[in-house]
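Colleague: I should like to go through the terms applied to this model and the grounds for each. Please begin once the structure is displayed.

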Amino acid sequence: MLFDFTLSTPAQGLVDITAEVQEAIKESGVNEGYCIVFCPHTTAAITINENADPDVKTDFIAGMDRVFPDLEIFRHSEGNSDAHLKSSAVGASETVIISGGKLLLGTWQDLYFCEFDGPRKRKFYVKVIGG
Ligand code: ZN
């Protein structure tokens, strides 16, 4: 089953989408299988990271800004090449195992929608596959 979600994002940041993905799995009725979480945008991404210390999310963005600064050599007229680089580096999707009707994530892991060029209204998809 395919589910789609919309969210409003900050200028830059990680938005926890674990509860929405878990809800999709519940609605699908799939107990054992996997799911794909996909971001259909070129300046955003999906990742899995720590859910305990909120400073990790802040440091994640600060680190990405250091690794992918907005450089004068960029030619893209929209002026957001740094966000395009971050999007591809992090990746458009994550695949997570479903066990016992729940996401098989580590204790400290959650799923995040990563915004690199907001604020915007964004979408993401969850494909739930049994088996
Ligand atoms: Zn662009």
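Modeller: Strand 2 and strand 7 (residues 109-115) pair in the antiparallel sense over four bridges. This is a predicted model, in which local features need pLDDT of at least 70, side-chain atom pairs count only at pLDDT 80 or more, and totals for chains, interfaces and linings use all residues. Residues are numbered from 1 along each chain as its sequence is written, and side-chain values use heavy atoms, with hydrogens and water left out.

Colleague: What makes strand 2 and strand 7 a pair?

Modeller: Two strands pair if DSSP finds at least two bridges between them; here there are four bridges, so the criterion is met. Val15 stands opposite Phe113 in strand 7.

Colleague: Why is strand 4 (44-50) called an edge strand?

Modeller: In the open antiparallel sheet, the order is 2-7-4. Strand 4, like strand 2 (13-16), pairs on one side only.

Colleague: Which residues coordinate the zinc ion?

Modeller: The donors are His76 (NE2), Glu78 (OE), Asn80 (OD1) and His84 (NE2), at 1.9 to 2.2 Å; a donor is an N, O or S atom within 2.8 Å of the metal (3.2 Å for Na, K and Ca), and water is not among the atoms, so sites may look incomplete.

Colleague: Why is the arrangement around the zinc ion irregular?

Modeller: Four donors count as tetrahedral if all angles lie between 85 and 135 degrees, and as square planar if opposite donors are over 155 degrees apart and all others between 65 and 115. The angles are 88 to 147°, which makes the arrangement irregular.

Notes
Four donors count as tetrahedral if all angles lie between 85 and 135 degrees; four count as square planar and six as octahedral if opposite donors are over 155 degrees apart and all others between 65 and 115; anything else is irregular. Helices (H or I, at least four residues) and strands (E, at least two) are DSSP runs, numbered from the N terminus.
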